[in-house]
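Biologist: I would like to learn how to read the features of a model like this, one at a time. Could we take the general idea first and then the case in hand?

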Amino acid sequence: MAAAASTLYSVSNAVAHQILEKEFKSTFIEADQGNVFFIAINVDDKDYILSVSANNSMNIANLRLCSNRIANKLCAN
């Protein structure tokens, strides 16, 4: 999972720079049985990727909301 998140971060960040000229913030992977949300966070001046997965009963908006709440709590400490 760590290797996949790291690779996805690198690719997503490169795309964000090339197309949007901005830093990568988050991305989704949608699948038939569920979704995974990856969000870039900074804790104690170190960069991390928070990966949150959910089955398909949780919609993408709810997954994003819950993930952002977790990220905000992690970054506040």
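Modeller: What follows is a short walk through the sheet, a helix, the cysteines and a loop.

Modeller: Please keep in mind that this is a predicted model, in which local features need pLDDT of at least 70 and side-chain atom pairs count only at pLDDT 80 or more, while totals for chains, interfaces and linings use all residues. Residues are numbered from 1 along each chain as its sequence is written, and side-chain values use heavy atoms, with hydrogens and water left out.

Biologist: In what order do the strands of the open sheet lie?

Modeller: Strands, like helices, are DSSP runs numbered from the N terminus (E, at least two residues, for strands; H or I, at least four, for helices), and two strands pair if DSSP finds at least two bridges between them. Here the open sheet has 3 strands in the order β1-β2-β3, with antiparallel pairing. Because β1 (26–31) and β3 (46–55) each have a single partner strand, they stand at the edges, and one side of each is left without a neighbour in the sheet. From one strand to the next the twist averages 20°, where axes are lines fitted to C-alpha atoms, for helices over the stretch in contact, and angles run from 0 to 180 degrees between N-to-C directions.

Biologist: How many bridges join β2 to β3?

Modeller: Strand β2 (residues 34–43) is joined to β3 by 10 bridges, the two running antiparallel; Ile-41, for instance, has Tyr-48 in β3 as its bridge partner. Helix α2 (residues 60–76) lies across β1, β2 and β3, and runs at about 25° to β2.

Biologist: Is Asn-13 buried or exposed?

Modeller: Buried means under 20% relative accessible area, exposed over 50%, and partly exposed in between (1.4 Å probe, protein chains only). Asn-13, in helix α1 (residues 2–20), counts as buried because its relative accessibility is 14%. Contact means heavy atoms within 4.5 Å, and, leaving aside neighbours within four places in sequence, Asn-13 is in contact with Glu-23 and Phe-24.

Biologist: Why is there no bond between the sulfur of Cys-66 and that of Cys-75?

Modeller: A disulfide is a covalent bond between the sulfur atoms of two cysteines, recognised here as a pair of cysteine sulfur atoms within 2.5 Å. The sulfur of Cys-66 is 16 Å from the closest cysteine sulfur, in Cys-75, and so too far for a bond; a search of the whole structure finds 0 disulfides. Cys-66 is partly exposed at 28% relative accessible area, and Cys-75 is partly exposed at 36%.

Biologist: Where does Asp-32 lie?

Modeller: Asp-32 lies in the loop between β1 and β2, and is exposed, with a relative accessible area of 68%.
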